[in-house]
Amino acid sequence: MTPLQQHRPCPGADGPPSVPPVSGVVVGVDLRGIQAFVFGGRRILDAVGRAALVAELTDSGDAEHGIADLVPDDCLVLRDAGGAFTGVFADRGAARLFTARYTRHLRDRAGGLTPIVAHVPYGPGETVDEALALLPQRLREARGHMSTLHVPAHGYGITAECAVSGAPAEVVDASRSAGAGGGGDKVPERVSADVARARGVGRRWHRQQERAWLDPEPHAPRSGPRLALPKETDRLGREHGELSRIAVAHIDVNGLGVLLGEYRERVADPQVPGSGALAQRELSRRIAGLTEGLARALVRAVAATVRTEPGSHAVVPGVGPGGAVTLAPGADRSTDHPDRDLHGTVSLPLRPIVVAGDDLTLVCDARLALPLVRYALDWLDADPERIADPADPRVALHRALDHDGRGPRRSVHGANTTCVPTVGVGLAIQPVGAPLSLGYDVCEALCSRAKARRVARPEGESDDHVVAWATRSDGVERALERLDRRGTLPLTGHELRVFLDSHLGAHAPGSLLPGGAPRERGWLHSTLVPLLESGADPEPELLRRERATGRAVDLPRGWTPGGLLDAVEVMDLHLDPGLAAALDPHRPQPLGRTGAGGPACPTPTSGGPAP
């Protein structure tokens with residue numbers, strides 16, 4: 001799991017061989033403990049920095065921050081992203097030297113991560129494809145033989161505790177300060193060396209991501225406030241006098257292993273050993289570009305809804321009981337002091353944290369959570385023929401997978417077909433001050449449950465996205481237990497759209513939010529919800545309510561007890577800002593500065609202008 005990916009050029013482009021040698025050693029590296037490493041704190045910037053650090057620890061194309069100096073020139077790199085590395089080395093000696101240097105580099109840079117390494121040699125009469133097929137099994141075996149030598153050894157005599165990890169504090173971070181007592185004085189925050197290092201990386205990546213996602217085109221007119229990405233969870237989900245909630249969302253491509261395997265078999269040239277692996281790498285690059293394109297589209301769609309009236313705060317307006325989302329002042333990009341604001345800069349209410357391969361994890365104001373998920377699905381389902389821009393990551397991936405009409409096409413709303421794969425989505429809503437790791441654990445478990453729902457879909461049901469969410473921050477087990485007991489989630493992408501339109505739409509018959517305001521809230525929460533949660537028959541209560549009010553109880557069309565409970569839980573948080581109207585999902589989006597999402601190149605790829 002990493003943020004914006006940087007990729008080494010395709011083998012053969014600048015020196016390395018275009019095909020694997022007839023004999024050699026395939027080396028696979030898989031980093032263990034990434035989730036705990038990335039989401040161990042409460043700050044967004046800490047998570048961004050650690051995710052960026054993971055990206056750099058597997059990036060063989062970056063000589064300054066990555067591991068390019070550890071990889072020999074004659075090594076054929078097949079994978080170097082997402083916390084994993086796969087390369088073909090000339091012999092055992094080169095493979096062992098790389099492993100020794102890499103594991104030492106990893107311990108120096110991020111002692112909280114554990115490397116899983118496997119070597120698979122092959123020789124004349126064997127192919128690199130056979131070695132690659134054996135590599136996952138060898139990595140699984142290596143996981144069962146962990147060594148205590150990988151455990152970081154902290155120094156003795158350190159009495160201060162890291163404010164983030166609880167480990168011994170080794171560094172004073174002057175950019176962060178905390179109250180020192182009744183006098184109100186501020187003292188620098190004491191942190192461990194790895195936290196300080198990750199913050200430095202995070203600041204650099206934060207600036208790059210703001211330029212890639214928020215800065216307008218060079219000749220585009222600038223209007224409204226300058227927008228920034230938030231660095232603190234305290235700048236999300238807060239309204240004066242209101243309950244403070246944020247949402248952690250995890251989006252993962254469905255069936256990626258099957259997709260890559262089928263693609264490798266379909267396009268591989270039997271006369272060229274390793275050609276399937278090289279083609280698979282290129283497809284992985286395009287999927288990474290799709291993920292980064294989705295992150296950019298979500299940020300820019302929210303940015304397009306920002307409105308500012310003279311003498312008032314910038315807001316994201318919308319229809320719903322949550323009201324407009326007031327945007328917090330944004331921090332100066334040149335510093336990390338949240339109190340040192342740049343005049344006219346405001347902070348958006350969302351922040352992608354992990355943008356890695358087929359994974360996207362973001363945090364946002366809880367009021368925007370379901371509309372953001374819906375927009376993400378609409379963006380992925382956009383008709384490639386309508387987009388028509390070959391530089392758009394969806395069009396590029398669709399054409400790569402289509403393969404003369406023989407690719408895995410799927411129908412979208414019965415109107416168009418696309419080869420862009422579906423995704424599983426997990427969404428966890430939690431208080432602002434709760435650790436990010438809590439929300440991530442829940443949303444990852446929900447995403448896994450959603451993907452399992454897709455795999456077990458009834459025969460004849462078309463492939464679709466799957467979405468599950470939880471509104472209580474009481475742990476993974478209870479979230480999954482409620483999911484099983486209620487039996488309504490996960491929803492497919494089509495079912496989610498119907499659910500939002502029928503239960504929470506401002507103009508839908510029987511909607512819980514007619515005109516955007518909740519109705520009969522007291523009766524719903526005090527009487528009907530406890531009745532439905534107990535599993536009792538609601539019909540007698542509905543008849544009693546009808547006699548008491550003199551009119552039939554108006555509930556959403558096609559409602560079920562579980563679906564109504566799901567809607568009641570989110571109706572007080574739901575805000576529809578009209579993202580699709582602000583930024584058409586069919587609008588072409590550029591691929592990113594490397595063509596696959598990475599911010600390495602000095603100028604962005606041409607494409608649709610930023611909103």
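This report walks through some aromatic contacts, two sheet regions and a few helices and loops of the structure above. Please keep in mind that the model is predicted.

**The aromatic cluster**

Let us start with the rings. The count of aromatic pairs comes to five. Take F89 and F98: their ring centres are 5.1 Å apart and their planes meet at 35°, so this pair is tilted. Moving on from F98, its ring and that of Y102 have centres 5.6 Å apart with planes at 20°, so here the pair is stacked, since planes under 30 degrees apart fall in that class. The two pairs look like this side by side:

| Ring pair | Centre distance | Plane angle | Class |
|---|---|---|---|
| F89 and F98 | 5.1 Å | 35° | tilted |
| F98 and Y102 | 5.6 Å | 20° | stacked |

Where do F98 and Y102 sit relative to each other in helix α3? They are four residues apart in this helix, which covers residues 92–109, so about one helical turn separates them. As for solvent, F89 has a relative accessible area of 1% and is therefore buried, the cut-off being under 20%. F98 is buried too, at 2% relative accessibility, and Y102 joins F98 in being buried. Together with F85, the residues F89, F98 and Y102 make up one aromatic cluster.

Elsewhere, a charged side chain meets a ring: R50 lies over the face of F37, 5.0 Å from the ring centre.

**The four-stranded sheet**

F85 also leads us into a sheet, as this residue is in β3 and stands opposite V29. The strands β1 (residues 24–32) and β3 (residues 84–89) run antiparallel and are joined by six bridges. They belong to an open sheet of four strands, ordered β2-β3-β1-β4, with antiparallel pairing. Which strands form the edges? Those are β2 (76–81) and β4 (114–122), each of which pairs on one side only. From one strand to the next, the twist averages 10°.

In the loop between β2 and β3 you will find G83. This glycine is buried, with a relative accessible area of 1%. The C-alpha atom of G83 is separated by 6.5 Å from that of A55, although the two residues are 28 apart along the chain.

**Around strand β17**

Further along the chain, β17 (residues 423–431) makes a good second stop. The strand is mostly covered, with eight of its nine residues buried. What does β17 pair with, and in which direction? Nine bridges connect β17 to β8 (residues 245–253), and these two strands run antiparallel. Within that pairing, A247 has I429 in β17 as its bridge partner. With β18 (residues 466–470), β17 shares five bridges, and here the strands run parallel. A428 is bridged to A470 in β18. In general, strands of a sheet pair through backbone hydrogen bonds, and the pairing may be parallel or antiparallel.

Helix α11 (residues 436–455) completes a unit with these strands: β17, α11 and β18 form a left-handed β-α-β unit. That handedness may be worth a look in your viewer.

**A long stretch of helix α7**

Finally, consider α7, which spans residues 275–305 and has 31 residues. From its first C-alpha to its last, α7 reaches 46 Å, close to the 45 Å expected at 1.5 Å a residue. Is this helix mostly covered or mostly open? α7 is mostly covered, as 27 of its 31 residues are buried.

Notes: Residues numbered from 1 in each chain as written. Predicted model: local features only at pLDDT ≥ 70, side-chain atom pairs only at ≥ 80, totals over all residues. Heavy atoms only, no water. Phe/Tyr/Trp six-rings, centres within 6.5 Å; stacked < 30°, edge-to-face > 60°. Buried < 20%, exposed > 50% of the residue type's maximum accessible area, 1.4 Å probe, protein only. Lys NZ or Arg CZ within 6 Å of the ring centre and 35° of its normal. Pairing = 2+ DSSP bridges. Axes fitted to C-alpha atoms, helices over the stretch in contact; angles between N-to-C directions. Expected span 1.5 Å × (residues − 1). Right-handed = clockwise from strand over helix to strand, strands pointing away.
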